[in-house]
Amino acid sequence: MTDNTRQKQPSFLEYQGRYKGILGWILSTDHKRIGLLYLYTMLFFFSVAAILGILMKTQLLAPGETIMGPQTYNSFFTLHGIIMIFIIVVPGLPAVFGNFFLPIMIGAKDVAFPRLNLLSWWVYIIGILIVLTSQFTGGGPPDTGWTFYAPYSFQTPTNVLPAVFGAFVMGFSSILTGINFVVTIHRLRAPGMSWLKMPLFPWTLYGTAWIQILATPVIGITLLLIVAERMLGIGFFDPALGGDPILYQHLFWIYSHPAVYIMILPAMGVISEIIPVFSKKSIFGYRAIVLSTMAIAFVGYFVWGHHMFTSGMSGRALFTFSFLTFLVAIPSAIKVFNWVATMHKGSLHLHTPFFWAVSFLFVFMVGGLTGLVLGALATNVHLHDTHFVVAHFHFIVFGGTGFAFMGAIHYWFPKMFGRMYDAKWANLGWGIFFIGFLSLYLPMFYLGMMGMPRRYYDYLPEFHGPNILSSLGAWVMISGILIIFANLIRSARSGPRTSEKNPWGGKTLEWQVDTPPTLENYDEIPRVDETPYDYRDYTGIDNPNN
Amino acid sequence: MSEEKTHIVPYKTQIVVLIVLLILTALSVAVTQLEFGSYNTLVAMLLAGAKSVLVLAFFMHLKYEKKLFPVMVAAVMVIFLLVLFVTFFDYSYR
């Protein structure tokens, strides 16, 4: 096809389909528009949950009641957790960047089932509406925390059942997306793209999709058991009916621990994309990263019990889960070594996505190593249910998935919107965010070790100092987020236009299609005969537009 | 896809499988009268597993599909069994 006819193809943003205006978005089966629908939904709810978080940290600025009482605090941390986990980080990277870039990166025109893809977004929205209903009706917002532990969740008069049901419905959205991605990767890879020529982000999406398909039904079964217990009086979890509350914890974590890997695996994929591009060096140990991805996905199923070390499990179960937890650290560490080795002697280009990637490495390692402290039985007894745990999982979930999400949006932004963001504001936002993040969560490790429990609106006066630092850190971090969001939103609306196909010098297929991509991505499906990160031809001369 | 062949299972096979399934179902009910102690769950799961294999293989045509599909289903079953196995490290030794 000639260049003249190619220019007539409108981008997916301009393409006028059957419907106009907002209907052209919410009824679109284009994987790129669906990815952006998820992005906008998540950004909105992230803002809501972040406001809840900052209000909680403000409450903890001083001992005693400052801006809210215990019941409000309990509801706030529950809603903060439900939104952040089920609405944002579980669908997170696969729903936004997986939808947008998976077909493009494997040389396909769309996912295997485009209508199912749109249905996934609608199911996700229905799940959100059900969760929101639980906040404003009946017995009021749940106060159990996002884990809904029995037996308290059966005794509280608050609206637990609708919240669990909402999470269950959102789980269906995850399963449908997972099925779609597995079939897409199996059937729609470009000619020549064998499994070991597939880029690493699609690989991590593949591992994630299997977890979504296999682990998510467990939360559905758990919900049905809850309904059977409440409606029919069959004892599953309630000791008064002959049930076992620890069984609830088993079932909850059989889903929710693999869900952590649903969150972190795509983040590892994003980092594996960013680091070679900005190091101008082939990724170190491609096969090791692929194998460790699948190893994490597999072993990740069997470590759920490390959330339950103090719940009264048998001694043998404790040893088994502790051993398996240490085992899963190995493939994670392999990835870190590979990323660092990729940067070694590379030609490092200090752009915003790279800053996010290297800061991801730092916070992910802090989160990972403190995870080992919690995975060891003896130290876990001391630290269980303290602020140490809160700090650890925020380093992994927010520091891991969140930093990778920010890295991804700054990396792929010009491709997605056909506009460029202001790099100075983006870098400033990153710096402030990073300082705020560390000030917010590092004191929590200390507080936890000193014995400050989580999920209390009050604390002893001796914990005041680190709490002040942590609360101030929260405000600094929010300032960074505001700068980043303002910069991205302004740039998406009125930033300088770019049609540069490959602004960063990437080697994967998304950098060969138009910016922004056309409706069907490719006029002709490309043939792929090379590995995705081959920088042996890098001469040291960059694109002058960089 | 149009070039893929569909396999038609003969009525005789379908009926034999149905009879075996009915026998296994009757067996599932019958064994509840026997006391196997801590192996109760194992016996129930073995019978349920046998029925599932028959349904998957003949009624859902897994026996006649490409090798990849039975391998994937088997992998899923292995993960499921391992999850049960690990869970019983708690229940068997508590």
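These legends walk through a few close-up views of a predicted model. Local features here need pLDDT of at least 70, side-chain atom pairs count only at pLDDT 80 or more, and totals for chains, interfaces and linings use all residues. Residues are numbered from 1 along each chain as its sequence is written, chains are lettered from A, and side-chain values use heavy atoms, with hydrogens and water left out.

**View 1. How confident the predictor is about chain A.** Average pLDDT (the predictor's confidence in each residue, from 0 to 100) comes to 92 for chain A, and 98% of the residues score at least 70. Residues 1-6 of chain A stay under 50. For that stretch the model has 6 contacts (heavy atoms within 4.5 Å) beyond four places in sequence.

**View 2. Helix α10 (residues 245-279) of chain A crosses helix α13 (residues 352-375) of chain A.** Helices are DSSP runs of H or I, at least four residues, numbered from the N terminus. The two axes (lines fitted to C-alpha atoms over the stretch in contact, with angles from 0 to 180 degrees between N-to-C directions) come within 9 Å and cross at roughly 130°. Ile264(A), Met268(A) and Phe278(A) are among the α10(A) residues that meet α13(A), whose side of the contact includes Phe354(A), Phe360(A) and Phe364(A).

**View 3. Phe388(A) and Phe445(A) form an aromatic pair.** A search of the whole structure finds 58 aromatic pairs over all chains (ring centres within 6.5 Å). With centres 5.0 Å apart and planes at 65°, this one is edge-to-face (planes over 60 degrees apart). Phe388(A) sits in helix α15 (residues 387-417) of chain A and Phe445(A) in helix α16 (residues 423-450) of chain A, so the pair ties together parts 57 residues apart in sequence.

Notes
Helices (H or I, at least four residues) and strands (E, at least two) are DSSP runs, numbered from the N terminus. Rings of Phe, Tyr and Trp (its six-membered ring) pair if their centres lie within 6.5 Å; planes under 30 degrees apart count as stacked, over 60 as edge-to-face and the rest as tilted.
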